[in-house]
Amino acid sequence: FRYQVPSPRRKDIMAADRLNTAYSRYASNRDVISLFSGAMGLDIGMAKAGLNVVVGQDFDNACVETMKANGHNVLGGDIRNIQPQELLDIAGLNVGEPFMICGGPPCQPFSTAGKRLGINDPRGSLFMDFIRMIDYIRPRFFVMENVKGIMSAPLKHVPTAERDNSDPAQKLGTVLDVILSEFGKLGYKTVYGLLDAVNYGVPQFRERFVLIGSRDHEDIFLPIPTHFQTHQNPAYRWKTVGEAIRDLENVKSECATLSPERKKYLHMVPEGGNWRDLPEEIIPEAMGGAYTSGGGKVGFYRRLSYAQPSPTITTSPAQKATMLCHPKFDRPLSVKEYARIQQFPDDWVFIGTTAAKYRQIGNAVPVGLGTAIGLAVLAAAENSAVVETKRFRGTSVHNKIKNALELGGNAIGY
């Protein structure tokens, strides 16, 4: 992970924050304001970590109704039309009092699952409203999550064959450069990197960009992985699809449907397989036009394995190119199974059509990842993350393990 030094352009704010002892009155506050909340996966995780989410916000009506149905305060509507004081008033908080603002500004232009076209400048997106809220509210910490593509997306994407070195717009840097610059102007110390949810007890491979900021320049860090592919204690191994959903086999639940034709081909795919496991003579017919197209096409007729973590949950398990089908049955995962893999509580209510429910769940931050992030911020706030020692024995051994942990890697042999 990497640290970002604040920009000198906002030294006045930094100095005011450091010298203004009024904020110290709020040191015990653990209230969180959530923006772009969706179905509240990140927020449930924060609550499990011990934080108090006092208000959520979203534009999507189904998400707003989902939050209300689960008993949460919500400020619905377009964030561009929301004043930060409105959020403070609903929460009953003052400027500088909230412990955290968290959220994931809409990120579709940066997704590696889609094409990066044109100017991807976040200064022209809802990201700037996330900045605007932090600038006014001045929370002690903020957490921003996003797709991993944000780490490498150029401000202007041009296909390699069409690149022109004389075009200034093609030398603007990356989306991440702009994001870090904008947060630097706020005077916050930041740390950022890619986290994979599977390393935090989530039964799913799901990489997310996470950026944590500290107003008071505390010793923030990205959460250390807690679960591993190899571990002597089963409690600390990666969680599997079977552990998450096997007990739902005989539970009838809301579920998307497949056409008879797709179901016929899926029936031939073994557990953990996909289109490549179909009889060779059937593949061209089953794949249609996609058979001759490029790409790995791993999502076609994809059946999950009980013995492994799930691939990344998408917004629809029944689409031909992004199928996420049951290990045993000839159907997509149900809404309940989808929610389990994202670790929503069984009593969490989703409002909307079946498609809207899948979309809310698929767009969410897995609860376990949210919990890990919340615990990391709390540990920084309470200055309790590090065991200080006078002498550190076995330095080379411990450093190798520490490096492996930070990368979510494998510490075998160290």
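**Exercise 1. Locate Y291 in the chain and describe its surroundings.**

*Solution.* Step 1: Y291 is situated in the loop that runs between α9 (283–287) and α10; helices (H or I, at least four residues) and strands (E, at least two) are DSSP runs, numbered from the N terminus. The model is predicted, so local features need pLDDT of at least 70 and side-chain atom pairs count only at pLDDT 80 or more, while totals for chains, interfaces and linings use all residues. Residues are numbered from 1 along each chain as its sequence is written, and side-chain values use heavy atoms, with hydrogens and water left out.

Step 2: With a relative accessible area of 39%, Y291 is partly exposed; buried means under 20%, exposed over 50%, and partly exposed in between (1.4 Å probe, protein chains only).

Step 3: Not counting residues up to four places away in sequence, Y291 touches W275, I283, P284 and K297, where contact means heavy atoms within 4.5 Å. The C-alpha atoms of Y291 and W275 are 10.0 Å from each other, and these residues are 16 apart along the chain.

**Exercise 2. Determine how the rings of F127, F142 and F183 are arranged.**

*Solution.* Step 1: The whole structure holds twelve aromatic pairs. Rings of Phe, Tyr and Trp (its six-membered ring) pair if their centres lie within 6.5 Å; planes under 30 degrees apart count as stacked, over 60 as edge-to-face and the rest as tilted.

Step 2: For F127 and F183 the ring centres are 5.6 Å apart and the planes stand at 85 degrees, so this pair is edge-to-face. F127 belongs to helix α5 (residues 127–137) and F183 to helix α6 (residues 175–185), so the pair ties together parts 56 residues apart in sequence. Both F127 and F183 are buried.

Step 3: For F142 and F183 the centres are 4.3 Å apart and the planes at 20 degrees, so this pair is stacked. It links distant parts of the chain, with F142 in strand β7 (residues 141–147) and F183 in helix α6, 41 residues apart. F142 has a relative accessible area of 0%, and F183 also has 0%.

Step 4: Ring pairs join F36, F127, F130, F142, F183 and Y188 into a cluster.

**Exercise 3. Identify the nonpolar cores and the residues with the most contacts inside the largest one.**

*Solution.* Step 1: A nonpolar core is a set of buried Ala, Val, Leu, Ile, Met, Phe, Trp, Tyr and Cys residues joined through side-chain atoms within 4.5 Å. The largest has 70 residues, and M100, V143, I212, Y301 and F344 have the most contacts inside it.

Step 2: The element that gives the most to this core is helix α12 (residues 367–381), with eight residues.

Step 3: Beyond residues up to four places away in sequence, V143 touches residues including M46, M100, F130, I212, I373 and V377.

Step 4: A second, separate core of 35 residues includes I33, L35, V175 and Y188.

**Exercise 4. List the buried residues of helix α11 and name elements that cover them.**

*Solution.* Step 1: In helix α11 (residues 354–362), the buried residues are A356, K357, Y358, Q360, I361 and G362.

Step 2: Their cover includes α3 (61–69) and α10 (335–341).

**Exercise 5. Summarise the chain as a whole.**

*Solution.* Step 1: The chain contains 13 helices and ten strands.

Step 2: Of its 414 residues, 51% are buried.

Step 3: Among contacts between residues at least 6 apart in sequence, 68% join residues at least 24 apart.
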